[in-house]
Amino acid sequence: MHQISIDISKATGFVDPEVYSKIKAEVVASHEQLTKGSGRGNDFLGWLKLPSLVTEDLTRKIKADAAKMKASSRWVVVIGIGGSYLGARAVVDALSHPFHSMMDQKEFPGLVYAGENLSEDYHAGLLEVLDKSDYSVIVISKSGTTTEPAVAFRLLKAHLEKKYGETDAASRIYVVTDAAHGALKKMADEKKYSSYVIPDDVGGRYSVLTPVGLLPIAAAGFDIDALIKGAKKMEKVCQSGSADENPAMVYAAIRNALYLSGKTTEIMVNFQPDLFYFTEWWKQLFGESEGKENKGIYPSGVGFTTDLHSMGQYIQEGLRMLFETTLSVNSPRTELRVPFVDGDPDGLNFLAGKRLSEINKMAEMGTLLAHVDGGVPNIRIGVPQINEEIIGQLIYFFEFACALSGYTLGVNPFDQPGVEAYKKNMFALLGKPGFEKEGESLRKRLE
């Protein structure tokens with residue numbers, strides 16, 4: 001299986017050669033920090049060698065539980081927020097039939113998601129649908145007290161117990177949580193839920209290759225062995241090599257050089273709708289890792305060609321603080337050609353016989369050249385095809401590059417102190433015990 005590649009030839013012309021050389025040297029130092037575990041946040045480096053450390057015992061248990069869900073459930077509800085669900089959704093959506101939800105006969109359960117928002121209508125609608133179908137739940141939370149997933153689990157646990165009875169409901173609940181502490185761990189032990197551990201040294205956004213991601217991905221019917229194999233291959237690639245050969249080092253260096261040249265917003269571009277949630281996972285990975293201390297590249301995303309008819313104008317001619325990173329997929333999974341039409345009423349017979357993937361690729365190349373001409377640098381990530389092994393490579397590549405880039409930027413890429421600010425205000429406004437004084441102050445500010 002060919003590995004992913006990186007092409008920065010349409011980006012280097014936008015940076016000062018001396019600045020780029022200096023940044024590459026800093027990335028080399030960051031690589032040493034990361035691989036030797038001497039940098040900030042080094043107590044959260046469990047993901048670094050994770051692909052090599054996933055055991056057969058773990059994957060065997062995951063596959064057994066996935067088989068139970070397949071046998072008993074039409075749907076599997078994945079409860080989690082942020083890194084607790086985005087990685088799994090990125091992989092499942094990328095690999096699924098684009099109209100999976102419309103297919104009458106399904107070999108594996110469909111995945112739906114809860115606890116990633118607090119919308120009353122969303123969760124009420126979900127319960128309404130689940131009234132009519134058999135389902136299981138995977139709840140993912142290290143503490144078990146994060147508001148959004150904890151509320152969703154309360155709702156779904158009550159619904160399951162009412163629908164199936166407490167004993168049968170317990171057999172349909174699968175928990176991914178802390179090894180020893182927390183509300184969810186305590187509940188899992190008491191109710192004897194099938195449970196998995198979130199390693200202490202792996203943060204949420206780096207957790208796709210733990211049971212956080214592997215269990216939902218397996219439940220959806222995909223090959224977690226191949227996913228891990230791809231990540232393991234990329235682990236080996238990223239651990240060594242020069243700043244001009246190691247793809248993660250190349251990516252970290254060019255994006256930081258572009259940042260110093262005033263390109264402060266990075267747009268992840270894909271030409272495949274099934275990569276939408278991969279972009280969402282990437283946005284969290286880089287946004288939460290780098291956006292601190294009033295620094296960091298702002299991660300954004302577009303889906304082309306769709307967004308060429310909405311955001312294309314701004315990207316082409318708006319404020320020049322942008323650069324693009326394109327996920328360029330070479331081979332589709334299927335084949336579909338444009339038919340010939342007598343009389344050529346729409347003027348498209350020049351496309352007759354061509355595969356849609358060829359037309360899409362020429363749209364990609366034309367867009368790249370237009371945007372570069374318009375002052376938008378482009379980094380191209382070459383993706384041979386979308387399958388489990390390649391997705392595994394992409395996951396590890398971006399995780400490693402993100403850590404390198406964070407160190408090069410001078411921040412700790414493994415913490416997220418700013419995430420707590422909204423929670424404190426929300427708790428105070430909701431009247432959580434211990435937050436009374438803050439609540440009174442905040443309500444006055446809102447008057």
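**View 1. Thr265 of strand β7 and its bridge partner Tyr298 in β8.** In this predicted model, threonine 265 is paired through a bridge with tyrosine 298 of β8. Glutamate 266 has proline 299 as its bridge partner, again in β8. These contacts belong to the pairing of β7, residues 265–270, with β8, residues 298–303, where six bridges join the two strands. The strands run parallel.

**View 2. Strand β7 beside strand β9.** β9 covers residues 322–331 and is joined to β7 by six bridges. β7 and β9 run parallel. Methionine 268 has threonine 325 in β9 as its bridge partner.

**View 3. The link from β7 to β8 through helix α12.** Helix α12 spans residues 276–290. Together with β7 and β8, helix α12 forms a β-α-β unit, and this unit is right-handed.

**View 4. The two faces of strand β7.** One side carries Thr265, Ile267 and Val269, and these residues are buried. The other side carries Glu266, Met268 and Asn270, which are buried as well. Both faces of the strand are therefore covered, with buried meaning under 20% relative accessible area. Because six of the six residues of β7 are buried, the strand is largely enclosed by the rest of the structure.

Definitions and conventions
Residues are numbered from 1 along each chain as its sequence is written. This is a predicted model: local features need pLDDT of at least 70, side-chain atom pairs count only at pLDDT 80 or more; totals for chains, interfaces and linings use all residues. Side-chain values use heavy atoms; hydrogens and water are left out. Two strands pair if DSSP finds at least two bridges between them. Helices (H or I, at least four residues) and strands (E, at least two) are DSSP runs, numbered from the N terminus. A crossover is right-handed if, with the strands pointing away from the viewer, the path from the first strand over the helix to the second runs clockwise. Buried means under 20% relative accessible area, exposed over 50%, partly exposed in between (1.4 Å probe, protein chains only).
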